[in-house]
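This report walks through a single protein chain for a reader who works at the bench. The sequence and the structure come first, and the description follows them.

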Amino acid sequence: MAYDKEEKGGRLLEGVTEIDYKDAELLRKFMTERGKILSRRYTGVTSKQQRQVKRAVRQARVMGLLR
């Protein structure tokens with residue numbers, strides 16, 4: 001698999017300034033069909049963004065917005 005520099009920085013987060021737990025549609029892009037959080041190797045986000053996504057997904061699960 002070739003490394004593509006354009007994907008670094010999170011193609012899925014283009015135009016997103018803040019990762020909010022209430023944005024369930026955005027958070028579903030970072031999850032599998034079974035509800036597991038995808039690793040940053042697959043999503044291409046930075047480690048800081050991955051932590052923000054993880055925190056938002058967990059908050060959304062508690063609030064009942066995601067499974």
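The text below moves from the overall fold to the surface patches, the salt bridge and a few individual residues.

## Overall architecture

The model described here is predicted, and every value quoted was computed from it. The protein has three helices and zero strands, and along the sequence these helices follow the pattern α-α-α. Of the 67 residues in the protein, 27% are buried. The accessible surface of the protein comes to about 5,500 Å², and 46% of that surface belongs to carbon and sulfur atoms. Among the contacts with a sequence separation of 6 or more, 57% are made by residues 24 or more positions apart.

## The positive patch and helix 3

Which residues gather in a patch of positive charge on the surface? The patch consists of Arg40, Lys48, Arg51, Lys54, Arg55, Arg58 and Arg61, and its largest share, six residues, comes from helix 3, which covers residues 47-63.

Two members of the patch can be described in further detail. Arg58 lies in helix 3 and counts as partly exposed because its relative accessibility is 48%, a value that falls between the 20% limit for buried residues and the 50% limit for exposed ones. Arg51 also has its place in helix 3, and at 43% relative accessibility this residue too counts as partly exposed. Between Arg51 and Arg40 there are 9.7 Å from C-alpha to C-alpha, although the two residues are eleven positions apart in sequence.

Gln50 is likewise part of helix 3, but with a relative accessibility of 14% Gln50 counts as buried. Leaving aside neighbours within four places in sequence, Gln50 is in contact with Ile37, Leu38, Ser39, Arg40, Thr43 and Val45. One of these partners, Arg40, is also a member of the positive patch.

## The nonpolar patch

A second patch, nonpolar in character, is made by Val62, Met63 and Leu65 and has an area of about 320 Å². Val62 is found in helix 3 and counts as exposed, since its relative accessibility is 71%. Met63 is found in helix 3 as well and is exposed, with a relative accessible area of 55%. The C-alpha atoms of Met63 and Lys22 are separated by 8.9 Å, while the two residues stand 41 positions apart along the chain.

## The salt bridge in helix 1

How many salt bridges does the structure hold? The structure holds one, and in that salt bridge the side chains of Glu25 and Arg28 meet at 3.1 Å, taken from N to O. Because Glu25 and Arg28 are three residues apart in helix 1 (residues 24-28), about one helical turn separates them. Glu25 is exposed, with a relative accessible area of 57%, whereas Arg28 is partly exposed, with a relative accessible area of 42%.

Arg28, which has its place in helix 1, also takes part in other contacts. Not counting neighbours within four places in sequence, Arg28 is in contact with Leu65 and Leu66, and Leu65 is one of the residues that make the nonpolar patch.

## A buried residue before helix 1

Is Ile19, placed in the segment before helix 1, buried or exposed? Ile19 counts as buried, because its relative accessibility is 17% and the limit for buried residues is under 20%. When residues up to four places away in sequence are left out, Ile19 touches Leu13, Leu27, Gln49, Gln52, Val53 and Ala56.

## Pairs separated in sequence

The table collects C-alpha to C-alpha distances for residue pairs, including those already mentioned above.

| Residue pair | Separation in sequence | C-alpha distance |
|---|---|---|
| Arg51 and Arg40 | eleven residues | 9.7 Å |
| Ile19 and Val53 | 34 residues | 6.6 Å |
| Arg28 and Leu38 | ten residues | 9.9 Å |
| Met63 and Lys22 | 41 residues | 8.9 Å |

For the pair Ile19 and Val53, the distance of 6.6 Å goes together with a contact, as Val53 is among the residues that Ile19 touches. Leu38, listed in the table with Arg28, is in turn one of the residues in contact with Gln50.

Key
Residues are numbered from 1 along each chain as its sequence is written. This is a predicted model: local features need pLDDT of at least 70, side-chain atom pairs count only at pLDDT 80 or more; totals for chains, interfaces and linings use all residues. Side-chain values use heavy atoms; hydrogens and water are left out. Helices (H or I, at least four residues) and strands (E, at least two) are DSSP runs, numbered from the N terminus. Buried means under 20% relative accessible area, exposed over 50%, partly exposed in between (1.4 Å probe, protein chains only). Contact means heavy atoms within 4.5 Å. Accessible areas come from the Shrake-Rupley method with a 1.4 Å probe; for residues, only the protein chains shown count as cover. Patches are made of residues with over 30% relative accessible area and no salt bridge: like charges are joined within 9 Å, nonpolar side chains (Val, Leu, Ile, Met, Phe, Trp, Tyr) within 5 Å. A salt bridge is a side-chain nitrogen of Lys or Arg within 4 Å of a carboxyl oxygen of Asp or Glu. Lys and Arg count as positive and Asp and Glu as negative; His and the chain ends are not counted. The place of a charge is taken as NZ of Lys, CZ of Arg, CG of Asp or CD of Glu.
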